[in-house]
Each structure stands twice: as structure tokens, then as C-alpha cells.
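Visitor: Hey, could you walk me through this one? I'd like to poke at it strand by strand.

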Amino acid sequence: MLAFPEEWGIRPPRSWTVDPSTGNRRPGQRPDAVPVRASLEQRFPANEQKSIRNDVVSDERILLLHPGADRKVGGITNEHQAIAPDGTVWSIVLEPNPRRRRRFGAPTRYIALVIRRATDIKEK
């Protein structure tokens, strides 16, 4: 049985509106993050942490979500963001992948997300 000890948040993407006077798109309110249970894992064989320039570090990991998280959020896509327990914002790189046992009709054990963050990106 997998344990999901950490309380993460999955933030849906912003909605956009069109300004009637100019026709330009404007971002709407940032939605609140939906709390989910998760476990942060390092990528195998080693952590994919790269130094891009002198002070910018890119970090890529795998986040394992509780199987019910997808229904709770309403469908996770790569436009969502993962919010760590310490408030760090991670981008979801690939579409979520539900993992099951090999036997036919087995229930979902967890949902795997590949997430990435960079130290030069600041949250607004």
C-alpha cells in the first residue's frame, strides 16, 4: 500500500475574458488550489537537477497523487500547477498517468505527474 504523507495543492488554470472595447484577452482571477494527498519522488536513476546559468537551477521530479485526486480536482491537465506544502509552485510537464496493477480491471493505485520548477520563475 502506498502512503501519501504530504498535503499538496493542484491549482486549475486561469480563465480568460475578452475586453469588449479592445478585443484583447485578459486573465481572470487565479483560482484556489484544491488540496490533495501526495508523495514527492526523485526521478530514477538520479534527480534531474540542472544548473542552466550561474544562478538558475531547473529541478524535475515525479509527484505521486492519491487515486481520488483526479476526480477531486475535476481532471488534471498540464495547464494545472502543483503547489508544494512549502508554497513552491511547480509546473506539470506531461499529462497525468494513472498507474494500475497488471491484471484486467484493477483499480488505480496512484496518479503519476512529472513536475518541474526553475529558480528564475517568480510567482505573481
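Visitor: Which residue in β4 is the bridge partner of isoleucine 10?

Guide: That's valine 34. Keep in mind that this is a predicted model.

Visitor: OK, and how do the two strands run, parallel or antiparallel?

Guide: Antiparallel: β1, residues 6-11, pairs with β4, residues 34-41, over five bridges.

Visitor: What about β7, how many bridges does β1 make there?

Guide: Three, again in the antiparallel sense, with β7 covering residues 81-83. Isoleucine 10 takes part here too, with alanine 82 as its bridge partner in β7.

Visitor: Switching topic: where does histidine 80 sit?

Guide: In the loop between α1, residues 69-73, and β7.

Visitor: Is that histidine buried or exposed?

Guide: Histidine 80 counts as buried because its relative accessible area is 7%, and the cut-off for buried is under 20%.

Visitor: Then what does its side chain find to talk to? Any polar partners for histidine 80? What's at 3.0 Å, say?

Guide: At 3.0 Å there's a polar contact with the side chain of threonine 77. The histidine 80 side chain also reaches the backbone oxygen of glycine 75, at 3.5 Å.

Visitor: And which residues does histidine 80 touch, leaving out those up to four places away in sequence?

Guide: Ile10, Arg11, Pro12, Pro13, Val73, Gly75 and Ile92. So Ile10, the bridge partner of valine 34, turns up in that contact list.

Visitor: Now the greasy part. Which residues in the largest nonpolar core touch the most other members?

Guide: Trp8, Ile10, Leu63, Leu65, Leu113 and Ile115, out of 17 residues in that core.

Visitor: Which elements give two or more residues to it?

Guide: β1, β4, β6 (57-65), α1, β8 (89-92) and β10 (108-118).

Visitor: Let's zoom in on leucine 113. What does it touch, skipping residues up to four places away?

Guide: Leucine 113 touches Ile10, Arg61, Ile62, Leu63, Leu65, Ile76, Ile92 and Pro96. Ile10, Leu63 and Leu65 also appear among the core residues with the most contacts to other members.

Visitor: Last topic, β10. How many bridges join it to β8?

Guide: Two, and the strands run antiparallel. Serine 91 has arginine 116 in β10 as its bridge partner.

Visitor: And which residues make up β9, and how does that strand pair with β10?

Guide: β9 is residues 97-100, and it pairs with β10 in the antiparallel sense over four bridges. Asparagine 97, for one, stands opposite alanine 112 in β10.

Definitions and conventions: Residues are numbered from 1 along each chain as its sequence is written. This is a predicted model: local features need pLDDT of at least 70, side-chain atom pairs count only at pLDDT 80 or more; totals for chains, interfaces and linings use all residues. Side-chain values use heavy atoms; hydrogens and water are left out. Two strands pair if DSSP finds at least two bridges between them. Buried means under 20% relative accessible area, exposed over 50%, partly exposed in between (1.4 Å probe, protein chains only). A polar contact is a pair of N or O atoms within 3.5 Å; within protein, one must be able to donate a hydrogen and the other to accept it, and residues adjacent in sequence count only if both atoms are side-chain atoms. Contact means heavy atoms within 4.5 Å. A nonpolar core is a set of buried Ala, Val, Leu, Ile, Met, Phe, Trp, Tyr and Cys residues joined through side-chain atoms within 4.5 Å.
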